[in-house]
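Please open the structure in the viewer and follow the selections below in the order given.

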Amino acid sequence: MPAAKIYYDNDADLALLKDKTIAFVGFGNQGAAQAQNLRDSGIPNDKIIIANKEDHYAEDAKSKQFHVEHDFGKATKDADVVFLLIPDQVQPRVFNDLVAPTLKSTAAVVVASGYNVFYKLLNVPASNDVVMVAPRMIGSSVRSLYEKQQGFPCFVSVEQDGTGNALPIALALSRAIGATKAGAIASSAREETAMDLFAEQALWPNIIKLFQEAFHVLKEAGCSDEALCYEMWMSKEPAEIFERAAEEGFIWQLKHHSTVSQYGQLKGASKLDGTAIRAHFNDILHNQVLNGKFCKEFTAIEDALEKEGDENPLNALYKEAEESEMGAAEKRVRENLKLTQH
Ligand code: NAI
């Protein structure tokens with residue numbers, strides 16, 4: 001694969017947004033940050049509209065002097081750009097039922113995650129543009145890095161070029177929210193979804209399992225729950241390692257460890273046979289993520305996620321993890337040490 005193209009401020013023309021009406025569907029983590037950044041980039045407040053149901057997010061938008069409309073169809077019918085910034089699982093219902101019927105035929109639909117586009121869950125007419133502008137940051141950082149006049153990492157792509165002008169519009173919007181300052185990486189909904197869901201369904205489950213098994217083995221060898229919790233994560237050592245990995249390099253951060261540790265880690269990794277894990281990872285990526293199997297499974301249980309108690313599959317999974325050997329031990333340790341519990 002050639003190196004990905006990276007777009008900077010110079011590649012983007014803010015003038016393309018002049019006189020455009022821009023609707024933000026959602027004023028949560030990303031919506032609040034991106035709408036404020038865009039306004040501070042010079043888009044007039046009377047050209048921005050926040051479509052939000054009546055909740056504390058709407059109140060927040062009003063307190064920041066945005067024009068808020070609770071009727072989604074009314075809010076978006078005149079928009080040239082519609083940012084879809086509500087949770088991924090509610091986007092198809094809200095967009096298909098409330099936004100699409102009155103959407104202008106030339107409007108650009110902007111998503112911040114590839115999921116609904118890659119799995120074709122949004123019914124966007126062929127005449128419209130669909131672009132992805134996906135910050136790799138939580139909303140509060142999208143805002144604070146903009147305020148510090150730094151950029152933030154972001155993926156950008158054109159998923160449907162209905163007007164023939166989708167890329168310049170996507171880049172202008174990326175610049176307006178502050179993404180091209182540091183460089184927006186050309187990507188795609190497929191790439192973003194593959195990496196995101198792979199991390200969630202392959203990488204992190206393995207990390208959870210590795211910690212649980214490590215806990216079991218060390219506990220069996222006589223280590224106390226208290227010592228293990230501190231040693232393994234409560235000291236924040238893993239958090240520091242990842243911070244240094246981001247700043248100095250995944251391998252080079254090892255230089256901060258003792259020589260015993262450096263030798264042990266590098267020798268241990270080089271001796272491990274990755275064949276089984278590679279096969280497992282390929283299986284998750286191709287037979288669960290890219291083929292849409294997970295998406296179908298998630299869509300089938302989506303409504304149950306609103307339920308209380310064990311009927312909610314997520315609560316049931318939390319319960320199982322909390323009752324595991326490591327979960328139960330940590331609960332007891334945190335209670336004894338009067339640390340925060342959820
Ligand atoms: P959020 O969870 O902060 O969304 C809250 C907003 O959604 C509020 O405006 C709320 O009124 C609205 N909302 C919630 N349920 C609704 C419903 N049933 N009907 C209508 N409106 C509803 O969302 P967040 O985290 O900002 O995510 C928005 C998009 O940004 C998603 O596509 C997500 O994948 C993407 N994204 C999120 C990141 C993050 O840091 N949270 C990072 C990068 C991308």
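Select V133 first: in this predicted model, V133 stands opposite V156 of strand 8. Extend the selection to residues 129-135 and 154-161, which are strand 7 and strand 8. These two strands run antiparallel and are joined by seven bridges. Strands of a sheet pair through backbone hydrogen bonds, in either a parallel or an antiparallel manner.

Next, display the whole sheet. It is open, comprises nine strands in the order 1-9-8-7-6-5-2-3-4, and shows mixed pairing. At its edges stand strand 1 (6-7) and strand 4 (67-69); each has a single partner strand, so one side of each is left without a neighbour in the sheet.

Now select residues 166-176, which form helix 7. Helix 7 packs on the sheet and touches strand 1, strand 2 (22-25), strand 5 (81-84), strand 6 (108-111), strand 7 and strand 8. The direction of helix 7 makes about 150 degrees with that of strand 8.

Then move to the ligand. Which residues come nearest among the 23 around the ligand? They are F27, N29, N52, D55 and D88. The shell residues divide into twelve nonpolar, eight polar and three charged. Helix 1 (29-40) and helix 4 (91-99) each supply at least two residues of this shell.

Finally, inspect the polar contacts of the ligand:

- D55: an N or O atom of the side chain lies 2.6 Å from a ligand oxygen atom.
- Q30: a polar backbone atom lies 2.8 Å from a ligand oxygen atom.
- Q91: an N or O atom of the side chain lies 3.1 Å from a ligand oxygen atom.

The ligand taken alone exposes 830 Å², of which the protein buries 78%.

Key
Residues numbered from 1 in each chain as written. Predicted model: local features only at pLDDT ≥ 70, side-chain atom pairs only at ≥ 80, totals over all residues. Heavy atoms only, no water. Near = heavy atom within 4 Å. Polar contact = N/O pair within 3.5 Å; in protein donor to acceptor, adjacent residues only side chain to side chain. Areas by Shrake-Rupley, 256 points an atom, 1.4 Å probe, with all protein chains shown as cover. Helix = DSSP H or I, 4+ residues; strand = E, 2+ residues; numbered from the N terminus. Nonpolar A, V, L, I, M, F, W, Y, C, P; charged D, E, K, R; others polar. Pairing = 2+ DSSP bridges. Contact = heavy atoms within 4.5 Å. Axes fitted to C-alpha atoms, helices over the stretch in contact; angles between N-to-C directions.
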